[in-house]
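I opened a fresh page for this chain. My plan was to go from fold to charges to odd spots.

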Amino acid sequence: MRDKDTEITYRNDYVFKTTLKGDDDDSKFLLKFSIEAITNRKYKEIEVVNGELLGEYINSKNSYLDIKAIDIDGNIINIEMQQSYLNTLQRKRIQFYGSRSVTIQPIKGERYDKLNNVEQIVFTSKRYNEKLYTQYTLREENGTGLKDNLVTYHIIS
């Protein structure tokens, strides 16, 4: 007999992180496969790195991503698991994490052309806007995507 309080699902942070952050070949394969399927891009290599986003100053608030990965070209992939519907606080936090991943990149001088792209992937247990998958990028008034867009958000319900 199963106790509902101890039921283990993929949405459980421990299970989610353990499955995708492991050093074994299965975890690496699943992480790479998941990211490629969501972003519709091929990656040569993806490495899980420290998910702590440090502030610029000693008193700055630190942020912690569930999973932060970097591809061979330096592009950043942030993966978050949300246990509920994305409310205002969570939607703003997701944008903050994506933006912060751009702004903390080490840029010497005026070399902004060297900034790496950020893919912000968010899994949520509730449907978002009645869809299973939603992608957000910066767009012009006519719907054309912004050239050289740095942050793309993927929400998977």
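**Entry 1. Fold.** I counted secondary structure first. The chain has three helices and eight strands. In sequence order I read α-α-β-β-β-β-β-α-β-β-β. I kept in mind that this is a predicted model. I then looked up burial for the whole chain. Of its 157 residues, 36% are buried.

**Entry 2. Salt bridges.** How many salt bridges does the structure hold? I found five.

I started with Arg41. Its side chain meets that of Asp71 in a salt bridge, at 3.7 Å from N to O. This pair links distant parts of the chain, 30 residues apart. Asp71 is in strand 4, and Arg41 is in the loop between helix 2 and strand 1 (46–49).

Arg41 also forms a salt bridge with Glu119, and here the closest N and O atoms are 2.6 Å apart. Glu119 lies in strand 6 (residues 118–124) and Arg41 in the loop between helix 2 and strand 1, so this pair ties together parts that are 78 residues apart in sequence.

Are the two acids buried or exposed? I checked each one. Asp71 has a relative accessible area of 7%; the cut-off for buried is under 20%, so Asp71 is buried. Glu119 is buried as well, at 6%. Arg41 comes out at 25%, so it counts as partly exposed. I noted the arrangement in one line: Arg41 is partly exposed, and its partners Asp71 and Glu119 are buried.

Next I looked at Arg111. Arg111 forms a salt bridge with Asp113, the closest N and O atoms being 3.5 Å apart. I looked up the accessibility of both. Arg111 is partly exposed at 41%. Asp113 has 58%, and the cut-off for exposed is over 50%, so Asp113 is exposed.

Last in this entry came a network. Lys32, Glu36 and Lys42 are linked in it by salt bridges.

**Entry 3. A run of acids.** I turned to the surface charge. Which residues form the negative surface patch? I listed Asp23, Asp24, Asp25 and Asp26. I took Asp25 for a closer look. Asp25 is found in helix 2, which covers residues 25–39. Its relative accessible area is 63%, so I put Asp25 down as exposed.

**Entry 4. Two asparagines.** I picked Asn75 and Asn78 for their side-chain contacts. Asn75 is found in the loop between strand 4 (67–71) and strand 5 (76–82). What does the side chain of Asn75 reach? I traced it to the backbone nitrogen of Asn117, at 3.0 Å. Asn75 has a relative accessible area of 11%, so this loop residue is buried.

Asn78 has its place in strand 5. Its relative accessible area is 0%, which means it is buried. I then followed its side chain. The side chain of Asn78 makes a polar contact with the side chain of Ser101, at 2.8 Å.

**Entry 5. Backbone check.** I went through phi values. Glu130 has a positive phi of about 60°, although it is not a glycine. I placed Glu130 in the loop between strand 6 and strand 7. At a relative accessible area of 69%, Glu130 is exposed.

Asp148 also turned up. This residue is not a glycine, yet its phi is positive, at about 60°. Asp148 lies in the loop between strand 7 and strand 8. Its relative accessibility is 73%, so Asp148 counts as exposed.

**Entry 6. Back along the loop.** I stayed between strand 7 and strand 8. Where is Leu138? I found it in the loop between strand 7 (133–136) and strand 8 (151–156). Leu138 has a relative accessibility of 51%; exposed begins over 50%, so Leu138 counts as exposed. I then took the distance from Leu138 to Asn149. The two are eleven residues apart in sequence, and their C-alpha atoms are 6.7 Å apart in space.

**Entry 7. Summary for the page.** I closed with three points. Arg41 pairs with Asp71 and with Glu119. Asn75 and Asn78 are buried. Glu130 and Asp148 each have a positive phi without being glycine.

Terms used. Residues numbered from 1 in each chain as written. Predicted model: local features only at pLDDT ≥ 70, side-chain atom pairs only at ≥ 80, totals over all residues. Heavy atoms only, no water. Patch = residues over 30% accessible without salt bridge, like charges linked within 9 Å, V, L, I, M, F, W, Y side chains within 5 Å. Areas by Shrake-Rupley, 256 points an atom, 1.4 Å probe, with all protein chains shown as cover. Salt bridge = Lys/Arg side-chain N within 4 Å of Asp/Glu carboxyl O. Lys, Arg positive; Asp, Glu negative; His and termini not counted. Charge placed at Lys NZ, Arg CZ, Asp CG, Glu CD. Helix = DSSP H or I, 4+ residues; strand = E, 2+ residues; numbered from the N terminus. Buried < 20%, exposed > 50% of the residue type's maximum accessible area, 1.4 Å probe, protein only. Polar contact = N/O pair within 3.5 Å; in protein donor to acceptor, adjacent residues only side chain to side chain.
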